[in-house]
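Visitor: Please show me the chain and its coordinates. I would like to go through some of its local features afterwards.

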Amino acid sequence: MPTCALCAADAPLVTHTVSGAPADQDGDVALCAPCLAAAQGAPDPAHLRCLASSMWSERPAVQVLSARLLAQLSDHDWARDLADQLWLEDDMRAWVEATDDSAAGAHRDSNGTELVAGDTVVLIKDLPVKGAGFTAKRGTAVRGISLVAANPEHIEGRVEGQRIVILTKFVKKK
């Protein structure tokens with residue numbers, strides 16, 4: 001039975017494509033469910049200690065995925081230490097830094113749901129609006145939002161007749 005490319009678990013595997021792969025590289029890796037969840041943006045630090053060995057894999061896609069996950073876990077000392085030890089060729093480093101624009105630039109609400117222009121969102125906390133002299137109350141619906149292209153953490157919408165910028169972490173999609 002094949003094993004997970006990251007943790008070497010003997011478990012059912014799913015093929016995951018590491019985005020940004022050069023034309024001459026195979027970007028597919030076989031991952032178990034916890035590693036797949038991590039690759040899709042929900043890393044479990046306890047499970048991902050396996051990166052200490054997978055970052056040295058002979059398969060470039062596994063090295064790239066390991067480096068990206070270590071970067072996501074940079075608030076943990078052990079992950080920073082491993083990332084400091086990892087040495088990659090320039091083309092591999094470029095692959096690590098290459099991102100899939102559709103995933104990287106996605107605007108997501110406080111629950112991780114993707115937001116699109118025109119959505120209606122609800123504020124999940126009272127927000128003082130700087131310069132406008134009022135507080136946008138929790139539960140306020142903001143209809144027809146627009147996305148700030150330069151920053152996936154910002155959206156724009158009208159509250160009490162004022163066009164304001166709102167952090168996505170303070171809204172949920174309706």
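Visitor: Where does Ala8 lie, and what is its phi near?

Guide: This is a predicted model. Ala8 belongs to the segment before strand 1. It is a residue other than glycine, yet its phi is positive, with a value near 65 degrees.

Visitor: Which residue in the loop between strand 10 and strand 11 has a positive phi although it is not a glycine?

Guide: Strand 10 covers 154–159 and strand 11 covers 162–167, and the residue lies in the loop between them. Its phi is about 50 degrees. With a relative accessible area of 58%, over the 50% cut-off, it counts as exposed. The residue is Glu160.

Visitor: How many salt bridges does a search of the whole structure find?

Guide: Side chains of opposite charge can pair when their charged atoms come close. The cut-off applied here is a side-chain nitrogen of Lys or Arg within 4 Å of a carboxyl oxygen of Asp or Glu. A search of the whole structure on that basis gives a count of five.

Visitor: How many residues apart in sequence are the parts that Asp26 and Arg59 tie together?

Guide: Asp26 and Arg59 form a salt bridge, with their closest N and O atoms 3.7 Å apart. Asp26 is in the loop between strand 1 and strand 2, and Arg59 is in the loop between helix 2 and helix 3, so the pair ties together parts of the chain whose separation in sequence is 33 residues.

Visitor: Are Asp26 and Arg59 buried or exposed?

Guide: Partly exposed means between 20% and 50% relative accessible area. Asp26 has 47%. Arg59 has 34%, so Arg59, like Asp26, is partly exposed.

Visitor: Which residue forms a salt bridge with Lys173?

Guide: The closest N and O atoms of this pair are 3.2 Å apart. Lys173 is in strand 12 (residues 171–173), and its partner is 54 residues away, in the loop between strand 4 (114–115) and strand 5 (121–123). Lys173 is partly exposed at 32% relative accessibility, whereas the partner is buried at 12%. That partner is Asp119.

Visitor: What is the N to O distance in the salt bridge of Glu156 and Arg163?

Guide: Glu156 is partly exposed, with a relative accessible area of 28%. Arg163 is also partly exposed, at 40%. Their side chains meet in a salt bridge, and the N to O distance is 3.7 Å.

Visitor: Why is helix 3 described as largely enclosed by the rest of the structure?

Guide: Helix 3 runs over residues 60–72. Its buried residues include Ala61, Val64, Arg68 and Leu70. Helix 3 is largely enclosed because its buried residues number ten of the 13.

Visitor: How far apart are the end C-alpha atoms of helix 3?

Guide: At 1.5 Å a residue, the 13 residues of helix 3 should span 18 Å. The separation in the model agrees with this expected span; it is 19 Å.

Visitor: How far apart in space are Arg49 and Ala79?

Guide: Arg49 lies in the loop between helix 1 (33–39) and helix 2 (51–54), and is partly exposed at 48% relative accessible area. Arg49 and Ala79 are 30 residues apart in sequence, while their C-alpha to C-alpha distance is 7.9 Å.

Visitor: Which residues gather in a patch of negative charge on the surface?

Guide: One member, Asp24, is in the loop between strand 1 (14–17) and strand 2 (28–31). Asp24 is exposed, with a relative accessible area of 65%. The patch consists of Asp24, Glu89, Asp90 and Asp91.

Key
Residues numbered from 1 in each chain as written. Predicted model: local features only at pLDDT ≥ 70, side-chain atom pairs only at ≥ 80, totals over all residues. Heavy atoms only, no water. Patch = residues over 30% accessible without salt bridge, like charges linked within 9 Å, V, L, I, M, F, W, Y side chains within 5 Å. Areas by Shrake-Rupley, 256 points an atom, 1.4 Å probe, with all protein chains shown as cover. Lys, Arg positive; Asp, Glu negative; His and termini not counted. Charge placed at Lys NZ, Arg CZ, Asp CG, Glu CD. Helix = DSSP H or I, 4+ residues; strand = E, 2+ residues; numbered from the N terminus. Buried < 20%, exposed > 50% of the residue type's maximum accessible area, 1.4 Å probe, protein only. Expected span 1.5 Å × (residues − 1).
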